[in-house]
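Colleague: I should like a close look at a single part of this model, namely its aromatic ring pairs. Please describe how the rings are arranged and how far they are shielded from solvent.

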Amino acid sequence: MQWRSIVVGLLVLRVLLNCAVWLVFGLGPSWGFDFPIKFTFNLHKIELLQDGERATVKTNAWSHDMYDNRNPQAKTCSKISGSSPNKSYLSFFQEGRDEYERKYSSFPDALKVKMRGMARDMFYFGYDNYMKFAFPEDELNPIACEGRGPDVLNPSNININDVLGNYSLTLIDALDTLLILGNVTEFHRAVKLVIDTVSFDKDSTVQVFEANIRILGSLISAHILLTDPRHPFGDIALKDYDNELLHLAHDLAVRLLPAFENTSTGIPYPRVNLKKGVPPDSINETCTAGAGSLLVEFGILSRLIGDSTFEWVARRAVKALWNLRSNETGLLGNVVNIQTGQWVGKQSGLGAGMDSFYEYLLKSYILFGENEDYRMFSAAYKSIQIHLRRGREACNEGDGDPPLYVNVNMFNGQIMNTWIDSLQAFFPGLQVLNGDVENAICLHAFYYAIWKRFGALPERYNWQLQAPDVLFYPLRPELVESTYLLYQATKNPFYLHVGMDILESLEKNTKVRCGYATLHHVVDKSKEDRMESFFLSETCKYLYLLFDEDNPLHKSESKYIFTTEGHVVPIDQRFREKSWEEQFPCEEPNNELPANISNCERIPEERRYGLPLKSVYMRQIDHMVGLS
């Protein structure tokens, strides 16, 4: 009889826990947040699909896509009423259109100045305390007011060691933000500190992706801004500057090159030791974003120094991943074996493990003008719309749920889980760059609704239960980035209000004694003692630019784009040129090719990009030895 009592007790406990979750995460009585946006999500019980054929008829309700139509009796959700009223996103503001117009149709100049000042102060509170308490270590622990470097006692702590390489990460990552804030004096001081104190000759094992976007990208950006003859930020030339940042970037890139060696697919290893190369115990699995988001930084470096090596290895990795996409759906998975080319993770989505892969297909095309990059992006975007997008066809009208992009199986398009992660909030910004502004507006509203509810974006949010699955928020910038880009595209004051809301939430919920801290729990607002470098390089930067209409970046005749780490690079004709092609000039025009495809695209890569990788890599090592 004892086991029966235990079973009964466990069942009672489960019922109580379910009730608690129902109440705590807003599915029952309100916590008291006065949030006017209300989504018409369906809260019916769901069961995830087992492997099976994808339904041939799509409905406008997400829950309908969760089930195998071959067995309708297995569905456990109620039928959704076909008579539900049409709703636009404006109707989510319960007060009605007049109240919406009153609240969001304007944003006074004085308030804009105040918010710009708040964003500037937020940056300096984090930056100054990093310089005071943490430099030259990589990050600031804002609660303890001390520095943080790699976890040398626990090499397996990749949450820390993938990012921190003992190379003053936060200072380097923040360089161009100083310039955007107009502080040329501190920018010069920071550049000199980097030149005088930073070395990559360290016994540090770091993630190739993180070192590329945070360190390499920032060094390249700062170098370009220092030497740009158009001087968009005024006269910022640094006396006696001799391309030292570019030399540092080159040195780091050379130390990352071993990741591309001894991989049968051309997809790089995820980690390298900056002094010793790929660790002997390195795993053969990497994520799609990590391996496929190197082309912007590596490509710019190649074109700045006239050496094709870096662009070649990055582009080869992108093509290798692209060629592994599903023949049925056109989708890619999120984790791949670099030796076999087999997909270890078959989830296809827009968040962690995949986000910047899509982003860099488009941004590489914008920067380098390679038609192949845009062809890949267009095909990927089409597959995303077909297989990941759920909800009604139109954003602001029609029956059914508002549009949402879900995580699916790359081979059949079936939904794999019911959560989205905060990194997906970058996608509205990418849609803006692609000219799909209406859908960007629609998707952005979904993430802003979550932010309004919690004062932050939980790392994972269960869209079926309307509750967080993973509760921390590490000061990520993605929603701010999309807000900024949508404002630039629409000039709708609503996005200034969104920015103000985000800025005030950060100030209220994350500010601590010496900086801004990661939220451990978005509901109770408990904190973790970490301020990641992207808070200064992205979150504060986008907030400041949102409210700074007269920033030189906005007034310059030149056009700029942001890397995935928020570093500024110009859209420049010199990045459309490959000096190495002078050695292998294009053949005579081929009239059989479409007008938008150059003959150079048909020249074998070995000719276009020069020497094989191994010999080029050895040449780079010899060159760096010569420099020393």
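Modeller: The account below turns to the aromatic rings after a few words on the whole chain.

This is a predicted model, in which local features need pLDDT of at least 70 and side-chain atom pairs count only at pLDDT 80 or more, while totals for chains, interfaces and linings use all residues. Residues are numbered from 1 along each chain as its sequence is written, and side-chain values use heavy atoms, with hydrogens and water left out.

The protein has 22 helices and 20 strands, taken as DSSP runs numbered from the N terminus (helices H or I, at least four residues; strands E, at least two). Of its 628 residues, 58% count as buried, where buried means under 20% relative accessible area, exposed over 50% and partly exposed in between, for a 1.4 Å probe and protein chains only.

A pair of aromatic rings is described by the distance of the centres and the angle of the planes. Rings of Phe, Tyr and Trp (its six-membered ring) pair if their centres lie within 6.5 Å; planes under 30 degrees apart count as stacked, over 60 as edge-to-face and the rest as tilted. A search of the whole structure finds 25 such pairs. In one of them, the ring centres of tyrosine 365 and tyrosine 374 are 5.0 Å apart and the planes stand at 35 degrees, so the pair is tilted. Tyrosine 365 is partly exposed, at 28% relative accessible area, and tyrosine 374 is also partly exposed, at 33%.

Another pair joins tyrosine 542 and phenylalanine 562: the centres lie 5.2 Å apart with the planes at 65 degrees, so this pair is edge-to-face. It links distant parts of the chain, since tyrosine 542 belongs to helix α19 (residues 534-547) and phenylalanine 562 to strand β19 (residues 560-562), 20 residues apart. Tyrosine 542 is buried, with a relative accessibility of 0%, and phenylalanine 562 is buried at 10%.

Tyr365 and Tyr374 also belong to one aromatic cluster, together with Phe377, Tyr381, Tyr405, Phe426 and Phe427.

Two further rings carry a charge over them, a term that requires NZ of Lys or CZ of Arg within 6 Å of the ring centre and within 35 degrees of the ring normal. The charged end of arginine 460 sits over tryptophan 419, 3.7 Å from the ring centre, and that of lysine 511 sits over phenylalanine 125, 4.6 Å from the ring centre.
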